[in-house]
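The following exercises ask the reader to work through the sheets, the helices packed on them, a pocket and one loop residue. Each task is followed by a solution in steps.

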Amino acid sequence: MRQRSVLWLVVLAGCAGSGSSATPRATPTVVSITADDLRRDLTVFASDSFEGRETGTPAAFRAARFIAQRLAALGVEPGGDSLYLQRVPLIRDLFEPSTRIAVTQGGSTMTLAMGSAVVPFINLGPGAPTPKRSAEGDLVFAGYGMTTQGRKDFEGIKDPGKVIVMLHAAPPGITDSATRTLLESQSELQQRLLRAIQARPAAIVLLMTGPTREFYTQAAPEMMRSVSRAPGDQTTSDAQRGLPMILLGLAQPGSPLLPANWPADDAPQALAGRRFSARVDIRHEPFTAYNVVGIV
């Protein structure tokens with residue numbers, strides 16, 4: 001989760017005091033904000049020197065200080081707990097080196113690289129149940145995780161405790177552009193998860209392919225260093241976590257998570273002889289982030 005919302009205060013107005021009926025009322029003066037003013041500030045704020053302003057980084061503090069300095073220069077009254085800054089206690093969740101995700105087939109085990117291959121969800125946002133941090137089970141490929149367009153991708157999953165792998169994409173046979181856009185959307189990603197959860201799996205793996213690969217390249221870095229409000233996740237065991245383990249990843253030919261002949265073979269099927277195992281260990285790091293507050 002990133003918290004980058006910034007309150008830009010761009011209105012300054014001053015009114016002269018009222019006089020008697022014999023004295024004409026002064027015309028209010030307004031300090032205008034020009035296009036050049038906005039261009040200057042936004043160019044600085046969006047510059048490479050702020051490095052994206054990710055919450056919890058030195059660049060984020062520099063960005064907050066920049067806004068505070070601009071408010072001070074404009075004469076805006078400070079409204080934070082430390083002049084213009086309002087302290088926000090947060091928790092940064094980082095994966096420990098002991099975190100391990102692997103697929104065993106026969107006598108060999110292939111470890112999946114964190115970040116470049118898969119990333120587990122630590123949390124799904126405020127108020128959502130927490131995914132489990134350990135999982136083990138036989139791998140089942142559920143195609144595109146669909147129950148429409150003539151597909152029955154979950155039909156072969158009869159027993160609970162499987163590790164369900166799905167592609168987050170539109171099947172090649174769908175040519176309608178609006179349908180393809182829907183099947184590649186984030187809302188459809190959520191629907192795929194909800195359908196898979198009905199099968200009571202030990203874990204769910206959603207693999208991005210085609211246009212959805214871009215979503216993974218954007219989401220994975222944030223998932224590798226999740227941020228939440230303090231005190232953060234207080235669960236102590238998987239018995240307290242209400243969801244199966246959920247992972248995002250990239251679909252790649254030869255992956256142990258996919259049929260041997262994928263992408264030519266994208267039919268739902270059990271991946272016979274392959275067993276998935278994962279353990280996610282998290283380190284919690286408290287830190288302080290800052291809102292910037294001014295009063296007009």
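The exercises below concern a predicted model.

**Exercise 1. Determine the strand order of the eight-stranded sheet and identify its edge strands.**

Step 1. The eight strands follow the order E6-E5-E13-E8-E9-E10-E12-E7, in an open sheet with mixed pairing.

Step 2. At the edges stand E6 (108–111) and E7 (118–120); each has a single partner strand, so one side of each is left without a neighbour in the sheet.

Step 3. On average, and ignoring direction, neighbouring strands of this sheet are turned by 30 degrees against each other.

**Exercise 2. Describe how strand E5 pairs with E6 and with E13.**

Step 1. E5, residues 100–105, pairs with E6 in the antiparallel sense over four bridges. Within this pairing, valine 103 is opposite methionine 110, and threonine 104 is opposite threonine 109.

Step 2. E5 and E6 form a hairpin with two residues between them. Glycine 106, in the turn, has a positive phi of about 65 degrees.

Step 3. With strand E13 (residues 269–279), E5 pairs over six bridges, in the antiparallel sense. Here alanine 102 stands opposite serine 277 of E13.

**Exercise 3. State which strands helix H4 lies across, and which strands of the eight-stranded sheet helix H5 touches.**

Step 1. H4 (residues 186–197) lies across E9 (163–168), E10 (203–208) and E12 (245–250). The angle at which H4 runs to E9 is about 160 degrees.

Step 2. H5 (residues 213–223) packs on the sheet and touches E7, E10 and E12. The direction of H5 makes about 125 degrees with that of E12.

**Exercise 4. Analyse the three-stranded sheet and the helices that pack on it.**

Step 1. The order is E11-E4-E14, in an open sheet with antiparallel pairing.

Step 2. E11 and E14 (282–292) each have a single partner strand and stand at the edges, so one side of each lacks a neighbour in the sheet. Neighbouring strands of this sheet are turned by 35 degrees against each other on average, direction ignored.

Step 3. E4 (residues 85–95) and E11 run antiparallel and are joined by five bridges. Arginine 92 stands opposite valine 227 in E11.

Step 4. Helix H2 (residues 58–74) packs on the sheet with contacts to E4 and E14, its direction making about 15 degrees with that of E14. H5 also packs on this sheet, touching E4 and E11, and its direction makes about 65 degrees with that of E11.

**Exercise 5. Characterise the largest pocket by volume, lining and residue class.**

Step 1. The volume of the largest pocket is about 620 Å³.

Step 2. The lining comprises 23 residues, of which Phe121, Asn123, Leu124, Gly125 and Met223 are the closest to the centre.

Step 3. H4, H5 and E12 each supply at least two lining residues. The largest share, six residues, comes from H4.

Step 4. By class, the lining has 16 nonpolar, six polar and one charged residues.

**Exercise 6. Locate threonine 235 and list its side-chain polar contacts.**

Step 1. Threonine 235 is in the loop between E11 (225–229) and E12.

Step 2. Its side chain forms a polar contact of 2.7 Å with the side chain of aspartate 233. A polar contact of 3.1 Å joins the side chains of threonine 235 and arginine 241.

Step 3. When its neighbours within four places in sequence are left aside, threonine 235 is in contact with Gln240 and Arg241.

Conventions: Residues numbered from 1 in each chain as written. Predicted model: local features only at pLDDT ≥ 70, side-chain atom pairs only at ≥ 80, totals over all residues. Heavy atoms only, no water. Pairing = 2+ DSSP bridges. Axes fitted to C-alpha atoms, helices over the stretch in contact; angles between N-to-C directions. Contact = heavy atoms within 4.5 Å. 1 Å grid on protein atoms, 1.4 Å probe; cavity = no way out; pocket = protein on both sides within 12 Å on 5 of 7 lines; lining within 4 Å. Points joined across faces, edges and corners; volume = space filled by probe spheres on them. Nonpolar A, V, L, I, M, F, W, Y, C, P; charged D, E, K, R; others polar. Polar contact = N/O pair within 3.5 Å; in protein donor to acceptor, adjacent residues only side chain to side chain.
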